[in-house]
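Colleague: I have just opened this entry and would love a guided tour. Could we go through it with a few questions?

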Amino acid sequence: IYVFAQLFSNTAYTFLPILIAYSGAKVFGANPYLGAVIGMIMIHPNLQNAWTVATEGVQATQKVWFGLYSIDMVGYQGHVIPVIIAVWVLAQIEKRLHKVVPAMFDLFVTPLVSVFVTGYLTLSIIGPIFVAVENGLLDGIQWLIALPFGIGSFIIYAPTVVAGVHHMYTIIDLGQLAKFGVTYWLPLASAANIAQGGAALAVGLKSRNQKIKSMAVPSALSACMGITEPAIFGVNLRFFKPFIAGCIGGGCGALYASLVRLGATGTGVTGIFGILLCLNNPVGYILMFAIAFGVAFVLTWMFGYKDEVQETTEKNIEAE
């Protein structure tokens, strides 16, 4: 059972470029099956498995562009950015060919030319360049996370939450899993989600407005399960200060996660169930959860929210 479970659990990561290429092609407007072919090319068995390079070194190189330079014949297992760029190029080529190739030849010429040109560009230019870019990005993030006293985690997370660029995290998670075996980023995302839940709960418990209560309390639970949109857009951003308190709480939780080097063994699950990906350090995850939630809750309760009914009463007293 364990052997089969291990086989099932790493299959998606083993063939990740194919899944990304298929999905990316649909987004960019290319034929998704041609996108999948590009993903297959990037992990073709004739290319050395990228996981073996660290122990075996590069086994083969190939001259490209009429001998102008050589590339390492290594696959792209575990990489994300090169695959996305390659599929975007495929989409641009395919769309232009559909416009210029006569209809009677389109079914044959367009797929053939699109895949051949994109495949050659991918292995000779796109792959080598964007692997370096991706590695640089991961190394830079890892350097920030590794700064003393968790300063890097605190600096990184609050601005990214405010900017709403959380969709980039999957790329970072997958890249870190491929490079380090764990992702140090997912616990930071989990801290941010949990903190927004703490802020929303403080609003719900402090408010005497039943409509706000009925929105804030369930959305707080939702945020603690990893779904933050109801809490952020329905409650915290509406009153703004709770959102800032949530960002500060998330930053504090992220700071602690960095201090204890908390890493997750997979991606996709944050909040309460995120502990299943941190069974290597469950106590650390629980403490990170408590810090993020607690700081956001206390700050919101003390400074982040004043009930509208209470504010009206105070204004009337001042007027009298």
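Colleague: How far does helix α12 reach from its first C-alpha to its last?

Modeller: Happy to start there, and do keep in mind that this model is predicted. Helix α12 runs over residues 241–259, which makes 19 residues. At 1.5 Å a residue, the expected span is 27 Å. The reach in the model is close to that, at 27 Å.

Colleague: Which residue in the loop between α11 and α12 is not a glycine and has a positive phi?

Modeller: Most residues other than glycine have a negative phi. The loop between α11 (229–239) and α12 holds a residue that departs from this. Its phi is about 65°, and the residue is F240.

Colleague: Is F240 buried, partly exposed or exposed?

Modeller: Buried would need under 20% relative accessible area, and exposed over 50%. F240 has 48% relative accessibility, so F240 counts as partly exposed.

Colleague: And what follows α12, with a phi near 55°?

Modeller: The phi here is positive. The residue that follows α12 with this phi is R261.

Colleague: How far is V260 from G284, C-alpha to C-alpha?

Modeller: V260 lies in the loop between α12 and α13 (282–304), and at 31% relative accessibility V260 is partly exposed. Along the chain, V260 and G284 are 24 residues apart. In space, their C-alpha atoms are separated by 7.1 Å.

Colleague: Let us turn to α11. Is F233 buried or exposed?

Modeller: F233 is found in helix α11. The cut-off for exposed is over 50% relative accessible area. F233 has 60% relative accessibility, so F233 counts as exposed.

Colleague: What is the C-alpha distance between F233 and S219?

Modeller: In sequence, F233 and S219 are 14 residues apart. Their distance in space, C-alpha to C-alpha, is 9.9 Å.

Colleague: What is the area of the nonpolar surface patch that includes W65 and F116?

Modeller: W65 sits in the loop between β1 (61–64) and β2 (69–72), and W65 is partly exposed at 32%. F116 belongs to helix α6 (residues 103–145), where F116 counts as exposed because its relative accessibility is 59%. The other members are L68, F66, V117, Y120, I125, I129 and V133. Together with W65 and F116 they make a patch of about 940 Å².

Colleague: What is the phi of W65?

Modeller: W65 is not a glycine, yet its phi is positive. The value is about 50°.

Colleague: Which element gives the most residues to the lining of the second largest pocket?

Modeller: That pocket has a volume of about 460 Å³. Of its 19 lining residues, A50, V74, H79, V131 and N135 are the closest to its centre. Two or more lining residues come from each of α6 and α8 (169–180). The element that gives the most, with five residues, is α6.

Colleague: Staying with α8, how far apart in space are L177 and T267?

Modeller: L177 lies in helix α8, and L177 is buried because its relative accessible area is 14%, under the 20% cut-off. In sequence, L177 and T267 are 90 residues apart. Their C-alpha atoms are apart in space by 8.6 Å.

Colleague: One last stop: what is the reach of helix α5?

Modeller: Helix α5 covers residues 81–100, and among its buried residues are I81, V83, V87, L90 and L97. With 20 residues, α5 has an expected span of 28 Å. The reach from its first C-alpha to its last is close to that, at 29 Å.

Conventions
Residues numbered from 1 in each chain as written. Predicted model: local features only at pLDDT ≥ 70, side-chain atom pairs only at ≥ 80, totals over all residues. Heavy atoms only, no water. Helix = DSSP H or I, 4+ residues; strand = E, 2+ residues; numbered from the N terminus. Expected span 1.5 Å × (residues − 1). Patch = residues over 30% accessible without salt bridge, like charges linked within 9 Å, V, L, I, M, F, W, Y side chains within 5 Å. Areas by Shrake-Rupley, 256 points an atom, 1.4 Å probe, with all protein chains shown as cover. Salt bridge = Lys/Arg side-chain N within 4 Å of Asp/Glu carboxyl O. Buried < 20%, exposed > 50% of the residue type's maximum accessible area, 1.4 Å probe, protein only. 1 Å grid on protein atoms, 1.4 Å probe; cavity = no way out; pocket = protein on both sides within 12 Å on 5 of 7 lines; lining within 4 Å. Points joined across faces, edges and corners; volume = space filled by probe spheres on them.
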